Amino acid sequence: MTNPALHPFIKGHGAENDFVILPDPENHLILTPERVARLCDRRTGLGADGVLRAVRCAADPEATAMTAAEWFMDYRTPDGSLGAMCGNGLRLLARYLVDAGLHRPGALLIATRAGTRRVHVPDDHTGPVTIDMGRPRLSGAGGIQVTSAGRSWPAVHVDMGNPHAVVFLEDTALAGDLRTAPTVTPTAAYPHGATVGFVTTRGPHHLQLRVHERGVGETRACGTGACAAVAAARAHQPAPPVAIRYTADLPGGRLHVVVRPDGAIDLTGPAVITAQGTVRLTQPSDSRLPAGAAGTWAQRGSGESETGPFRGSRAEHAQG
């Protein structure tokens, strides 16, 4: 007999930026911030840099208008907040949809809170996956500064469907310990915070970077961060007459970014499924709790929202 408290999950990563995928084609799950945080916890949960709920666009009010796509990526960061775009996560979700037989290999469209993205998944279960990330937007705002490890540097504002502040350094180690979020000023430039990338140029069309993702912390890789770094490096250059390929090295691996003549960017990198199984989404009662406490846990784990469902909410956070 199926246990209704258990739900199927898939675990995987893109350049060691890892995610939990929750299949929910008919939009039945209610994901509260607490449940997302428990799933992402690396000691008491599955451990992840985020949760990706795979839901059909026709079943989710947030995505019904994006009729060109069949599937919607409902992305949640480890603090439970909504995310708009995640390059590594989107590649992994596309890999899952193809491997699970829910879409044919090749080109597919997936809806995100940042819009619909075209993804190409090869028919080999292991090859790199490519996303058409669209055109980056550079705000042109001046005076943006990032402070980390007691030092400050000027930054470039880039929007890749999520907001980035990109800093160029002689050595990314100068950014210090990125477990603590860098400070970005003026705060008005990023009303909901920013993902901050620290970039070093290693050679022609070769970048190395570390990234503190908003709502996550320092991650092993960041797909939108790699694209933002390339866009910032080319901030004062015209669109290339032919496609230009960049290499972006991150702590978790290598990503490839192609700048097309039309100014749009393609992101290519690994998308690896590592595990699948079932996970408890509700919190069971614990007989070891003091008298009267077990009922509280049981009520919180009954399947109802602990702080109210996200349904219909708009994204204020966007990562990866």
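The exercises below work through selected local features of a predicted model.

Residues are numbered from 1 along each chain as its sequence is written. In this predicted model, local features need pLDDT of at least 70 and side-chain atom pairs count only at pLDDT 80 or more, while totals for chains, interfaces and linings use all residues; side-chain values use heavy atoms, with hydrogens and water left out.

**Exercise 1. Describe the surroundings of Arg53.**

Step 1. Arg53 belongs to strand 3, residues 51–56. Strands (E, at least two residues) and helices (H or I, at least four) are DSSP runs numbered from the N terminus.

Step 2. Arg53 has a relative accessibility of 1% and therefore counts as buried. The classes are buried under 20% relative accessible area, exposed over 50%, and partly exposed in between (1.4 Å probe, protein chains only).

Step 3. The Arg53 side chain makes polar contacts with the side chain of Asn27 at 2.9 Å and with the side chain of Asp74 at 2.8 Å. A polar contact is a pair of N or O atoms within 3.5 Å; within protein, one must be able to donate a hydrogen and the other to accept it, and residues adjacent in sequence count only if both atoms are side-chain atoms.

Step 4. Arg53 also forms a salt bridge with Asp60 (2.7 Å, N to O). The criterion is a side-chain nitrogen of Lys or Arg within 4 Å of a carboxyl oxygen of Asp or Glu. Both Asp60 and Arg53 are buried.

Step 5. Asp74 in turn forms a salt bridge with Arg76, with the closest N and O atoms 2.8 Å apart. Arg76 and Asp74 are both buried.

Step 6. These residues belong to a salt-bridge network of Asp24, Arg53, Asp60, Glu62, Asp74, Arg76 and Arg113. The whole structure has 19 salt bridges.

**Exercise 2. Which parts of the chain does the salt bridge between Glu16 and Arg220 link?**

Step 1. The closest N and O atoms of Glu16 and Arg220 are 2.8 Å apart.

Step 2. Glu16 lies in the loop between strand 1 and strand 2, and Arg220 in the loop between strand 17 (217–219) and helix 3 (223–233); the two are 204 residues apart and the pair links distant parts of the chain.

Step 3. Glu16 is partly exposed at 38%, and Arg220 is partly exposed at 39%.

**Exercise 3. Locate backbone exceptions to a general rule.**

Step 1. Most residues other than glycine have a negative phi, and most peptide bonds are trans.

Step 2. Glu16 has a positive phi, near 70 degrees. Its loop runs between strand 1 (6–14) and strand 2 (17–23).

Step 3. Ala149 has a positive phi as well, near 55 degrees. Ala149 sits in the loop between strand 10 (145–148) and strand 11 (151–154) and is exposed, at 54%.

Step 4. The peptide bond between Thr185 and Pro186 is cis, with omega about -5 degrees. Pro186 is in the loop between strand 14 (183–185) and strand 15 (195–203).

**Exercise 4. What is the strand order of the open sheet of three strands?**

Step 1. The order is 11-10-14, with antiparallel pairing. Two strands pair if DSSP finds at least two bridges between them.

Step 2. Strand 11 and strand 14 each have a single partner strand, so one side of each has no neighbour in the sheet.

Step 3. Strand 10 and strand 11 pair over four bridges; Ser148 has Arg151 in strand 11 as its bridge partner.
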